[in-house]
Amino acid sequence: MFHAKRRTFLSIVASTGLALSLAACGGGGDTAQAGSGGDGGDGAIRVGYSQLGAESGWRTANTESVQQNLTADNGFDLTFVDAQQKQENQIKALRDFVAQDVDVIAFSPVVETGWDDVLQEIKDAGIPVVLVDRTVDTTVEDPYVTHIGSDFKAEGTKAGDWVEENAPDAKIFELQGTLGSGAQVDREEGFDGVVGSQVIGKASGNFTRAEGRTATEAALQAYPDMTMIFTHNDDMGLGAVEAIEAAGKKPGTDIQIVSVDAVRDGLQALVDKKFNYVVECNPAFGDQLAELIKKVHDGEDVPKETVVEETAFDQTITQAEVDARPY
Ligand code: AHR
């Protein structure tokens with residue numbers, strides 16, 4: 001059982017303070033908010049949290065939701081490290097958490113593969129893992145206790161269903177997220193499963209606005225007959241809007257845009273008729289995450305999967321709805 005944690009050599013080292021100096025040295029990402037890293041004598045649950053980055057509006061909202069809920073007042077001692085979208089930074093942070101002998105490790109993996117060694121080390125240390133947002137593909141048996149996040153495949157399918165109904169003749173360029181990430185792999189599978197025959201080209205924009213713009217500039221040259229972009233997130237879609245406008249075309253009309261996330265900027269683009277349809281990816285599940293971590297720490301039963309609630313928006317959305325959007 002994970003809650004009856006084995007004390008290992010590493011954990012003894014951690015209690016001497018070595019782990020604190022390791023964490024303080026950094027070099028593996030930004031420690032945005034460091035907890036005491038101490039022995040949790042106040043009864044707080046010591047959580048090591050590796051966020052994958054700050055690449056998008058969605059990610060910023062997700063970080064806020066996590067930090068607003070894993071607070072000292074709620075009984076947590078949170079060490080939060082931003083990996084800046086680099087897997088090596090995440091692996092280093094996870095190893096630091098093992099050295100600190102935290103109570104629970106939570107992380108949002110930037111890509112699906114490449115975690116085998118570190119997940120085995122965490123398992124050997126007896127520290128329970130809560131996967132957040134994205135998923136892993138690993139040979140380690142029972143690598144995590146529970147996962148909370150979106151059904152990315154369902155999001156892609158929802159986008160595909162809208163296209164099938166509203167633009168069955170569209171010639172689509174697919175602007176993909178970080179290659180090898182759960183969000184990219186599953187959204188692609190869901191979307192292409194419905195309208196894959198309409199996709200004329202694909203490239204990654206790594207979930208950022210700047211790379212979304214660059215990828216779209218290249219796509220406008222390579223696929224001059226495209227009439228639609230399916231973008232795996234709003235930020236890349238907003239970059240695509242910039243590229244389309246710079247090329248003298250009208251986003252939403254000359255080239256339709258179907259997106260995922262529904263952050264305020266994305267929904268504003270819908271009101272402004274620059275986006276045509278947006279599937280929601282909900283980042284605001286910090287409260288549910290906090291409850292899960294408490295239960296995992298206390299050895300209570302938790303579901304293996306918690307899928308967060310999500311909807312979708314078309315151009316009937318009003319400005320008032322966008323203004324009321326919390327992120
Ligand atoms: O994993 C969730 C995805 O990651 C969001 O759609 C995207 O905006 C973020 O970068």
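Which helices each supply at least two residues of the shell around the ligand? They are α3 (57-69) and α7 (182-195), and the views below, all of a predicted model, begin there.

**View 1. The ligand and the residues around it.**
Twelve o'clock to twelve o'clock, so to speak, the ligand is surrounded by E55, S56, W58, R59, D133, R134, F152, A183, R187, F207, N233 and D261. Helices α3 and α7 each put at least two residues into this shell. If you're after polar pairs, start with S56, where a side-chain N or O atom is 3.1 Å from an oxygen atom of the ligand. D133 has a polar side-chain atom 2.8 Å from a ligand oxygen, and R134 likewise places a polar side-chain atom 2.8 Å from an oxygen atom of the ligand. On its own the ligand has 280 Å² of accessible area, and the protein covers 100% of that.

**View 2. D133, a ligand neighbour with a positive phi.**
Zoom in on the loop between β5 (129-132) and β6 (146-149), and you'll find D133. Its phi is positive, about 70°, although D133 is not a glycine. For context, most residues other than glycine have a negative phi. D133 counts as buried because its relative accessibility is 2%, under the 20% cut-off. This is also one of the residues around the ligand, with that 2.8 Å approach from a polar side-chain atom to a ligand oxygen.

**View 3. A262 in its loop.**
Here's another positive phi: A262, not a glycine, has a value near 70°. A262 sits in the loop between β10 (256-261) and α10 (264-271). Buried or exposed? A262 is buried, at a relative accessible area of 0%. Among the residues that A262 touches is E280, which gets the next close-up.

**View 4. E280 and its partner R325.**
E280 belongs to strand β11 (residues 277-280). With a relative accessible area of 8%, E280 is buried. What does its side chain make a polar contact with? The side chain of R325, at 2.8 Å. Skipping residues up to four places away in sequence, E280 touches E155, D261, A262, E309, E310, T311, A312, F313, R325 and Y327. D261 in that list also appears in the ligand shell.

**View 5. Helix α10 and what its buried residues pack on.**
Within α10, the residues G266, L267, A269, L270 and V271 are buried. An α-helix has 3.6 residues a turn, so residues three or four places apart point the same way. The buried residues of α10 pack against α9, β11, β13 (312-314) and α12 (319-324). Just past the end of α10, look for K273, whose phi is positive at about 65°.

**View 6. The largest nonpolar core, with I293 picked out.**
This core has 69 residues, and the members touching the most others are Y49, L70, I172, L289 and I293. Helix α9 (residues 234-246) gives the core its largest share, six residues. Both domain 1 (5-149 + 283-309) and domain 2 (152-281) contribute, with at least three residues from each. Focus on I293 and leave aside neighbours within four places in sequence: the contacts are then I45, V47, L70, F76, V104, A106 and V130. Another core lies apart from this one; it has 23 residues, including V98, V102, V118 and Y144.

Technical notes: Residues are numbered from 1 along each chain as its sequence is written. This is a predicted model: local features need pLDDT of at least 70, side-chain atom pairs count only at pLDDT 80 or more; totals for chains, interfaces and linings use all residues. Side-chain values use heavy atoms; hydrogens and water are left out. A nonpolar core is a set of buried Ala, Val, Leu, Ile, Met, Phe, Trp, Tyr and Cys residues joined through side-chain atoms within 4.5 Å. Buried means under 20% relative accessible area, exposed over 50%, partly exposed in between (1.4 Å probe, protein chains only). Helices (H or I, at least four residues) and strands (E, at least two) are DSSP runs, numbered from the N terminus. Domain bounds come from an automatic or database domain assignment. Contact means heavy atoms within 4.5 Å. A polar contact is a pair of N or O atoms within 3.5 Å; within protein, one must be able to donate a hydrogen and the other to accept it, and residues adjacent in sequence count only if both atoms are side-chain atoms. A residue is near a molecule or strand if one of its heavy atoms lies within 4 Å of it. Accessible areas come from the Shrake-Rupley method with a 1.4 Å probe; for residues, only the protein chains shown count as cover.
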